[in-house]
Amino acid sequence: MATPLERSPSSTTAAIRSGKPILVTGATGRQGGAAAARLLADGWPVHVLVRDPAAAAARELAEAGAELLRGDLDDPGSLKAAMAGAHGVFAVTPDDLDSEREVRRGRHLADAAAAAKVAHLVFASVGGAERGTGISYWESKWAIEQHIAALGLPATVLRPVRFMENHAIPGLGLGGISPDGVLRHLFAPDVPVQLIAVTDIGAFAALAFADPATYLGQAVELAGDELSPDATARLIGRHLGRQITYQQVAGEELNLSEDASRAFTAQRGLWRADIPALRRSHPDLLDFPPWLNQGGADAVAALLDG
């Protein structure tokens with residue numbers, strides 16, 4: 001992982017004053033939504049690519065100040081139109097069991113950015129994509145990274161690890177907490193697992209756009225904490241005032257694909273974000289207890305009480 005440096009405030013001001021927008025894809029999802037919110041807060045004009053401008057999530061983005069542009073990752077023409085005149089693009093492809101479709105969508109994004117001659121593409125990949133894991137939905141992200149490089153695009157790659165928010169997704173099955181207060185996953189109880197808050201993915205996207213001199217050409221693995229599942233369960237239980245326990249399970253119990261099982265059982269040491277270096281660049285980088293304090297524990301409690 002390239003070690004990020006401190007950003008230059010002067011480059012931030014110059015870029016924003018250009019008046020050119022950042023186009024955000026996936027803005028109705030977690031990573032794109034976090035990027036759009038942080039860019040708006042920093043003063044960027046933000047355009048967001050949406051399939052349905054009338055959808056509730058799209059309307060919320062418009063109310064926050066984003067301009068909605070209708071488009072689709074499967075429609076290269078709509079991507080080229082949306083990128084016209086943009087300073088930069090935050091690109092994220094949804095995880096897809098059909099890896100060929102995900103790669104195709106990523107190539108559409110990169111090709112459109114090249115055609116529009118955007119000054120900066122920030123692509124949200126996944127931690128470990130470059131390490132030859134053989135995991136199909138990580139290899140697809142790596143294939144997109146390679147296509148971006150082959151085009152010679154001015155780009156930054158962000159490689160986030162496991163989301164803290166996964167602990168509060170209802171019905172997730174893997175990594176969520178059941179109503180009986182049991183956190184279940186394939187990890188061994190004592191295996192350190194790196195975690196990142198989605199808001200910090202947005203923060204690093206904004207850092208990259210604000211300071212291209214530092215971030216262009218870089219690939220940055222993102223994490224804010226590293227905890228064993230046993231420790232994670234104890235922290236959640238302490239915040240909720242109730243017992244939360246951890247149970248390691250086999251992939252077959254969760255009807256996981258071979259790829260998914262391999263992804264999680266191979267994690268010992270596979271995520272390698274340099275958390276101290278990341279915190280020097282972004283001092284507000286969340287570790288797990290502050291994430292719990294800032295709404296994470298409430299989200300988990302709602303899941304348990306629901």
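So, helix 9: its buried residues pack against strand 8 (182–185), strand 9 (193–196), strand 11 (225–227), strand 12 (245–248) and helix 12 (288–305). Bear in mind, everyone, that this is a predicted model. Which residues of helix 9 are buried? They are Pro229, Ala231, Thr232, Ala233, Leu235, Ile236 and Gly237. The helix itself runs over residues 229–240. Its twelve residues should span 16 Å at 1.5 Å a residue, and the end C-alpha atoms are indeed 16 Å apart, so expectation and model agree. Right after helix 9 comes Gly241, with a positive phi near 70°.

Let's turn to the sheet. It is open, with seven strands in the order 3-2-1-4-5-6-10, and the pairing is parallel. Which strands stand at the edges? Those are strand 3 (67–70) and strand 10 (219–222); each has a single partner strand, so one side of each lacks a neighbour in the sheet. On average, neighbouring strands here are turned by 20° against each other, direction ignored. If you'd like a spot to zoom in on, try strand 4 (residues 88–92) and strand 5 (residues 120–124), which pair in the parallel sense over five bridges. There you'll find Phe90 opposite Val122 in strand 5.

Now for the aromatics. The structure holds three aromatic pairs, and I'd like to show you one of them, Trp138 with Trp271. The ring centres are 6.1 Å apart and the planes are at 25°; under 30 degrees counts as stacked, so this pair is stacked. The two partners come from distant parts of the chain, 133 residues apart. Trp138 belongs to helix 6 (residues 136–151), while Trp271 sits in the loop between helix 10 (258–265) and helix 11 (275–281). Are these two buried or exposed? Trp138, at 5% relative accessibility, counts as buried, and Trp271 counts as buried too, at 9%.

Staying in helix 6, have a look at Lys141. At 3% relative accessibility, this lysine counts as buried. What does its side chain meet there? It makes a polar contact with the side chain of Glu102, at 2.5 Å. Leaving aside residues up to four places away in sequence, Lys141 touches Thr93, Asp95, Glu102, Phe123, Ala124, Ser125, Val126 and Ala129. Two of the residues on that list, Phe123 and Ala124, fall within strand 5 (residues 120–124), which brings us back to the sheet. That's my tour, thanks for listening!

Conventions:
Residues numbered from 1 in each chain as written. Predicted model: local features only at pLDDT ≥ 70, side-chain atom pairs only at ≥ 80, totals over all residues. Heavy atoms only, no water. Pairing = 2+ DSSP bridges. Helix = DSSP H or I, 4+ residues; strand = E, 2+ residues; numbered from the N terminus. Axes fitted to C-alpha atoms, helices over the stretch in contact; angles between N-to-C directions. Phe/Tyr/Trp six-rings, centres within 6.5 Å; stacked < 30°, edge-to-face > 60°. Buried < 20%, exposed > 50% of the residue type's maximum accessible area, 1.4 Å probe, protein only. Expected span 1.5 Å × (residues − 1). Contact = heavy atoms within 4.5 Å. Polar contact = N/O pair within 3.5 Å; in protein donor to acceptor, adjacent residues only side chain to side chain.
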